[in-house]
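Open your viewer and get ready to click through a few selections. Each stop says what to pick and what you will find there.

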Amino acid sequence: MIITRRAFTTALSLTGLAGLSPLRLITEAFAQTAAEVAKPQSLPDMGLGPQGAKVTIVEYASMTCPHCANFNETVFPQIKSTYIDSGKVRYVFREFPLDIKAAAGSMLARCIAKDDAPKFFAVIDLLFRQQNDWVVKNTTETLTRIGKQAGLSQQQVEDCLKDQKLLDKIAADQKYANEVLKVNSTPTFFVNGEMVKGETSFEEFSKRIDPLLKS
């Protein structure tokens, strides 16, 4: 699914933000080059860890995806403490919204963080941890509350969620990920360009990362 402004505006006007159908699944998967995966498209990458790290992990996630939220809570902290904080791995998070609510969450995170990557990761962590609140309940009101807690005014939150250019960039990056990188579900990871689909354990990541660090 590629997010459109008309559908987004319509959904935001509804009490519960009716979601759209998820992205149509694509059966064929192709190996991608690390260069194709590494290249940021419309939006600047939000990443933790050194640019020149031997290993780069790119995650494509939807803010409404429960598997993504569980990964964020249980596996990502281990990756961060073991590999990112020690400078061995660069970790990049990219938006892949599977519904309108996910797009709204991604837009809010970008607006709050601006170009501050650590702040961005803090905001998406908050959104994932409070996923049940803002996805299940009144999404607009809850996202507004989260935005205000992060220092935005009511008007700034409203302007953010109506930002046509930002939405277009998220949609364009989603389209690139789908058509070029063959991402069709979340979470999807790339470890130095190699695709890893679905919620993945820390042990599985270690099996992929450690040999690359030694090479």
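How far apart, in helical turns, are Glu179 and Lys175 in helix α10? Select the pair: they sit 4 residues apart in that helix, so about one helical turn separates them. Their side chains meet in a salt bridge at 3.2 Å, N to O (a salt bridge is a side-chain nitrogen of Lys or Arg within 4 Å of a carboxyl oxygen of Asp or Glu). Glu179 has a relative accessible area of 43% and is partly exposed, and Lys175 is partly exposed too, at 38%. Here buried means under 20% relative accessible area, exposed over 50%, and partly exposed in between, with a 1.4 Å probe and protein chains only. Helices (H or I, at least four residues) and strands (E, at least two) are DSSP runs numbered from the N terminus.

Before going on, keep in mind that this is a predicted model, where local features need pLDDT of at least 70, side-chain atom pairs count only at pLDDT 80 or more, and totals for chains, interfaces and linings use all residues. Residues are numbered from 1 along each chain as its sequence is written, and side-chain values use heavy atoms, with hydrogens and water left out.

**More salt bridges**

The structure holds 7 salt bridges. Pick Arg129 and Asp125 next: their closest N and O atoms are 3.0 Å apart. Both belong to helix α6, with a spacing of 4 residues, about one turn of the helix. Asp125 is partly exposed at 25%.

Now go to helix α11 and select Glu204 and Arg208, whose side chains form a salt bridge at 3.3 Å, N to O. They are 4 residues apart, so again about one helical turn lies between them. Glu204 is partly exposed at 29%, as is Arg208 at 24%. Add Glu194 to the selection: salt bridges with shared partners join Glu194, Glu204 and Arg208 into one network.

**The core**

Time to go inside. Select Ile57, Ile79, Tyr91, Phe121 and Phe205, which have the most contacts within the largest nonpolar core, a set of 44 residues. A nonpolar core here is a set of buried Ala, Val, Leu, Ile, Met, Phe, Trp, Tyr and Cys residues joined through side-chain atoms within 4.5 Å. Helix α6 (residues 117-129) gives this core its largest share, 7 residues. Apart from it lies another core, of 12 residues, including Val58, Tyr60, Ala177 and Leu181.

Zoom in on Ile79. Leaving aside neighbours within four places in sequence, Ile79 is in contact (heavy atoms within 4.5 Å) with Ile57, Phe71, Ile84, Tyr91, Phe202 and Phe205.

Next, show helix α4 (residues 76-84) and colour Phe76, Ile79, Tyr83 and Ile84, which are buried. They cover an arc of only 75° around the axis, which puts them on the same side of α4; the arc is that of the directions from the helix axis to the C-beta atoms. To see what covers these buried residues, display elements including β1 (46-48), β2 (55-61), α3 (66-74) and β3 (89-95).

**A buried arginine**

In strand β3, select Arg90. What is the nearest side chain of opposite charge to this buried arginine? It is Asp45, 6.2 Å away, and Arg90 has no salt bridge. (Lys and Arg count as positive and Asp and Glu as negative; His and the chain ends are not counted.) Beyond four places in sequence, the contacts of Arg90 include Gly47, Pro50, Gln51 and Ile57.

**The disulfide**

Search the cysteines and you will find 1 disulfide in the whole structure, a disulfide being a pair of cysteine sulfur atoms within 2.5 Å. The partners are Cys111 and Cys160, with sulfur atoms 2.1 Å apart. The link is right-handed, with 95° about the S-S bond. Cys111 lies in helix α5 (residues 100-113) and Cys160 in helix α9 (residues 154-161), so the pair ties together parts 49 residues apart in sequence. Both cysteines are buried.

**Backbone oddities**

Most residues other than glycine have a negative phi, and most peptide bonds are trans. Go to the loop between α10 (164-179) and β4 (188-191) and pick Pro187: the peptide bond from Thr186 to Pro187 is cis, with omega near -5°. Lys182 lies in the loop between α10 and β4 as well, with a positive phi near 65°. Lys182 is buried at 19%.

Last stop: Lys114, in the loop between α5 and α6. Its phi is positive, near 55°, and Lys114 counts as exposed at 55% relative accessibility.
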